[in-house]
Amino acid sequence: MSMATGGLAVLLSRTPHQFTGLEVIGKIIYIFNLALFLAITACMAVRFISRPIALKESFRDGNESYYAPTCLLAIATIILGAEGYGTSACGPWLQVALRIVFWIYAAISTLSAILHNWYLYYLAMASQEPFPIAQLLPSFPAMLSGTIASSIAANQPQEHALPILIAGVTLQGFGFIMSLLIYAEYQYFLAKHGLPERAKRPQMFIAVGPWSFTALALIGMAKEGVKAFPSRYIISYADPMSTGSVTVSTGDIAIVIASFFAIFVWAMAFFHLCIAAISVLASTRMFGGAGAPPMSVAYWGMVFPNTGFIIATISIGQVLQSPAILWVTSVLTVLQVIMWLGVGSATILAVARRQMLWPEDVKRGIEDDLS
């Protein structure tokens, strides 16, 4: 819930067609997400303090364990929002703070990816047959380091921006390659077993995320690399004695390669978005299904990955200088706000009716799956 809300705030700060008051709306959502993050953290703390064994049980559960990294993903959106909304309102101290926070986040997310994946291997967690696409999540926070790097490098001094960008590329590559390995299992699962049960179909939108965030991160980092990379950075390795004038710089090469690669992977993000959307719609009575899946936290998977898809499309539209693409993204932004409001309202209603986040909800979910 928090990472979806924080992602929406970031999207509003980047949507290409701004209007008076939109920044204020984005700041309100961002501040609301800070309160939401703290409230969720407090609730989780109460849960684990009141029953300490629940923490161990959570990490050993085939469904719950994979979603522990969403905490770090929520923190990533908070960092991105601080850059987007705080730069114009705060002094130079903010950039120093963001630089420090970036390295702390990169270290923690990398360590988390290594230890959490090892723990899942140690338990042979896949033998519990969780939905395969959820296996993306332990490596996802590390991959978001690339997205953070593409955002904060713009206002950093060159001597700091350069290592931030290199670290961003490194961790973006790690997360993307890990995702490719899991995509193979996910596609095999769908081909062999068919679509998942109704309750798990909203999770299919998770597959949109890695492609989308890789596209937007690479374009963003390459854009900042044009300013941060020395003109003959890396190129001079092949010809260190050359002192002639530079016609094509390292940054120029990076932005061209990154842009075409982003378009290359964007198509896969669009494919998975369509597959997920059709799968969810096919379960509704309107399209001859048994009915929409019961409300659950999984519905929030329809918000955060799609936010990344829209921002990636914005980045591609900007680099291609295409007004048509940018207008499409503005329409998608409106639809995303509607989706966030719809899922948020349904969550409040479901909790009030004791249909989710209550102990009996577990039993009900199992019965729904069996039916």
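This report walks through the annotated membrane spans, the internal spaces and two unusual backbone spots of a predicted model.

**Spans from the record**

The unreviewed UniProt entry annotates "transmembrane region" over residues 31-50, 71-94, 100-121, 160-183, 204-222, 253-276, 297-319 and 325-351. Take two of them. Residues 100-121 come out as 100% helix with 0% strand, and 32 Å separates the end C-alpha atoms. For residues 204-222 the helix share is 79%, again with 0% strand, and the end C-alpha atoms sit 30 Å apart.

**Pocket and cavities**

Rolling a probe the size of a water molecule over the atoms shows where empty space is left. Here are the spaces, with their linings split by residue type.

| Space | Volume | Lining |
|---|---|---|
| Second largest pocket | about 560 Å³ | nine nonpolar, nine polar, five charged |
| Largest cavity | about 80 Å³ | six nonpolar, five polar, one charged |
| Second largest cavity | about 30 Å³ | five nonpolar, three polar, no charged |

The second largest pocket holds about 560 Å³ of space. Its lining has 23 residues, and those closest to the centre are Arg14, Ser150, Lys223, Glu224 and Gln318. Helices H1 (2-14), H4 (70-86), H6 (140-152), H8 (208-228) and H11 (304-319) each put at least two residues into this lining. H8 gives the most, with six residues.

Now for the closed spaces: there are two cavities of 30 Å³ or more. The largest cavity, about 80 Å³ in volume, draws two or more lining residues from each of H1, H4, H8 and H11. Which helix gives the most to the lining of the largest cavity? That's H11, with four residues. Among the residues lining the largest cavity are Gly7, Val10, Arg14, Thr77, Leu80, Phe213 and Phe304. Arg14 thus turns up in the lining of the largest cavity and also among the residues closest to the centre of the second largest pocket.

The second largest cavity is lined by Gly62, Asn63, Tyr66, Tyr67, Pro130, Phe131, Ala134 and Gln203. No charged residue takes part in that lining.

**Two positive phi angles**

Most residues other than glycine have a negative phi. Gln321 goes the other way, with phi near 55 degrees. Gln321 sits in the loop between H11 and helix H12 (323-352), and it counts as exposed because its relative accessibility is 70%, against a cut-off of over 50%.

Arg354 also has a positive phi, about 60 degrees, without being a glycine. Its place is the loop between H12 and helix H13 (359-370). With a relative accessible area of 39%, Arg354 is partly exposed.

Methods:
Residues numbered from 1 in each chain as written. Predicted model: local features only at pLDDT ≥ 70, side-chain atom pairs only at ≥ 80, totals over all residues. Heavy atoms only, no water. UniProt positions renumbered as here; feature names shortened; annotations may be inferred. 1 Å grid on protein atoms, 1.4 Å probe; cavity = no way out; pocket = protein on both sides within 12 Å on 5 of 7 lines; lining within 4 Å. Points joined across faces, edges and corners; volume = space filled by probe spheres on them. Nonpolar A, V, L, I, M, F, W, Y, C, P; charged D, E, K, R; others polar. Buried < 20%, exposed > 50% of the residue type's maximum accessible area, 1.4 Å probe, protein only.
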